[in-house]
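Visitor: I should like to be guided through a protein chain, from its overall form to single residues. Please show me the model before we begin.

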Amino acid sequence: MTIAAGCDVGSLTSKAVVMKNRRVLGAAIIRSGPKPAESAAKVMAAVFEQTGLSQKDISCCVGTGYGREKISFVDQTVSEISCHAKGAKWLVPSARTIFDIGGQDCKVIKLDPRGNLEKFVTNDKCASGTGRFLDVMAQVMNISVSDLGALAAKSDAPVTFASVCTVFAQADVIKLINARRPAADICAGINTAMANRVSMLANTIRLEKDICITGGVAKNDGVVTALNKILGCRIKRIKRVDPQLTGAVGAALFALEKKNEKN
Ligand code: ADP
């Protein structure tokens, strides 16, 4: 029986997934530290503790994410784009477009009808349109980023931001708090500003349905609701696993394929 692993060392979080015969046996998410090699070892240790497995049980491991080249125990590395495409297609077979929104970048990935990578666009130059924008805003509001969606759902008069720039929007949030605007309306405005930025990137590529969303920001219901509204469609949510794990799932699928090729 082939047991394979995927390890995704991102800028903000590190993720690991262990799979056996295309079934997820265990998964872990931790905050990335300054050294990618250490983050990778730590997240693998977490998944081993959960599953009772050890490194010797893993026939093949694929590394991905910005820190992939520093992981010592991988058999191969694969780009995040390919891993998110692979994982998303497995989790949402009808997916033709993937929004991967992580901590420091946002990618729009297009697949052909067979699930092969067709093209992609990335925003990695600016914090707006990335998880970092939401994290900064949540911090200013003194709430957890995981509450942004639920709070925004209570809004009936979302605020609008004059600029998508993180620095300017941060100053605006402080002004709005001091003007006693309800937190729900500010949260709804933050999620909408984020979704507007993502849709600007998406508009540079012809969107093909179905659209699905991966990365940590896929857990923010407020951003997904705002994107649905702006794009006039219904984004497919990943339910089988935590959507933040999609890249690691894709890496584990590549590892399984690599092992099976060898046999
Ligand atoms: P990376 O791979 O670049 O490290 P992730 O895909 O892990 O990034 O995404 C990190 C982002 O996900 C954070 O910046 C945060 O905005 C968002 N996020 C993480 N957990 C949650 C949650 N429970 N609810 C809402 N947003 C979340």
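The conversation below proceeds from the whole chain to its cores and then to individual residues.

Guide: This is a predicted model, in which local features need pLDDT of at least 70 and side-chain atom pairs count only at pLDDT 80 or more, while totals for chains, interfaces and linings use all residues. Residues are numbered from 1 along each chain as its sequence is written, and side-chain values use heavy atoms, with hydrogens and water left out.

Visitor: How many helices and strands does the protein chain have?

Guide: Helices (H or I, at least four residues) and strands (E, at least two) are DSSP runs, numbered from the N terminus. Counted in this way, the secondary structure of the protein chain comes to eight helices and nine strands.

Visitor: What is the radius of gyration of the protein chain?

Guide: The radius of gyration is taken over C-alpha atoms, and the globule rule is 2.2 Å times the number of residues to the power 0.38. For 263 residues, a compact globule would have a value near 18 Å. The protein chain agrees with this, as its radius of gyration is 19 Å.

Visitor: What percentage of the residues in the protein chain is buried?

Guide: A residue is buried under 20% relative accessible area, exposed over 50%, and partly exposed in between (1.4 Å probe, protein chains only). Of the 263 residues in the protein chain, the buried share is 52%.

Visitor: Among contacts between residues at least 6 apart in sequence, what percentage joins residues at least 24 apart?

Guide: A contact means heavy atoms within 4.5 Å. Among the contacts in the protein chain between residues at least 6 apart in sequence, the share that joins residues at least 24 apart is 65%.

Visitor: Which element gives the most residues to the largest nonpolar core?

Guide: A nonpolar core is a set of buried Ala, Val, Leu, Ile, Met, Phe, Trp, Tyr and Cys residues joined through side-chain atoms within 4.5 Å. The largest one has 38 residues, and those with the most contacts inside it are F99 and I190. Among the elements that give two or more residues to this core are β6 (97-101), α5 (166-178), α6 (183-202) and α7 (221-231). The element that gives the most, with ten residues, is α6.

Visitor: How many residues does the other core have?

Guide: This other core lies apart from the largest one, and M19, L91, I238 and A248 are among its members. Its number of residues is 28.

Visitor: Which residues does F99 touch, beyond those up to four places away in sequence?

Guide: F99 is one of the residues with the most contacts inside the largest core. Leaving out residues up to four places away in sequence, F99 touches K107, V108, V198, A202, L207, I211, C212, I213, T214, L227, L231 and I235.

Visitor: Where is the cis peptide bond that involves D210?

Guide: D210 has its place in the loop between α6 and β9. The cis bond has omega near 0° and runs from K209 to D210.

Visitor: Is R22 buried, exposed or partly exposed, and what is its relative accessible area?

Guide: R22 is found in the loop between β2 (13-20) and β3 (23-31). Its phi is near 60°, a positive value in a residue other than glycine. R22 counts as partly exposed because its relative accessible area is 44%.

Visitor: Is N142 buried or exposed?

Guide: N142 lies in the loop between α3 and α4, and has a positive phi of about 60° although it is not a glycine. Its relative accessibility is 71%, so N142 counts as exposed.

Visitor: What distance separates the C-alpha atoms of S14 and S39?

Guide: S14 is found in strand β2, and counts as buried because its relative accessibility is 0%. S39 is among the residues that S14 touches, as are D8, A28 and V43. S14 and S39 are 25 residues apart along the chain, and their C-alpha atoms are separated by 6.4 Å.

Visitor: What distance separates the C-alpha atoms of G215 and G102?

Guide: G215 lies in the loop between β9 and α7, and its relative accessibility of 5% means that it counts as buried. Its contacts beyond four places in sequence include H84, D100 and P243. G215 and G102 are 113 residues apart along the chain, and their C-alpha atoms are separated by 5.0 Å.
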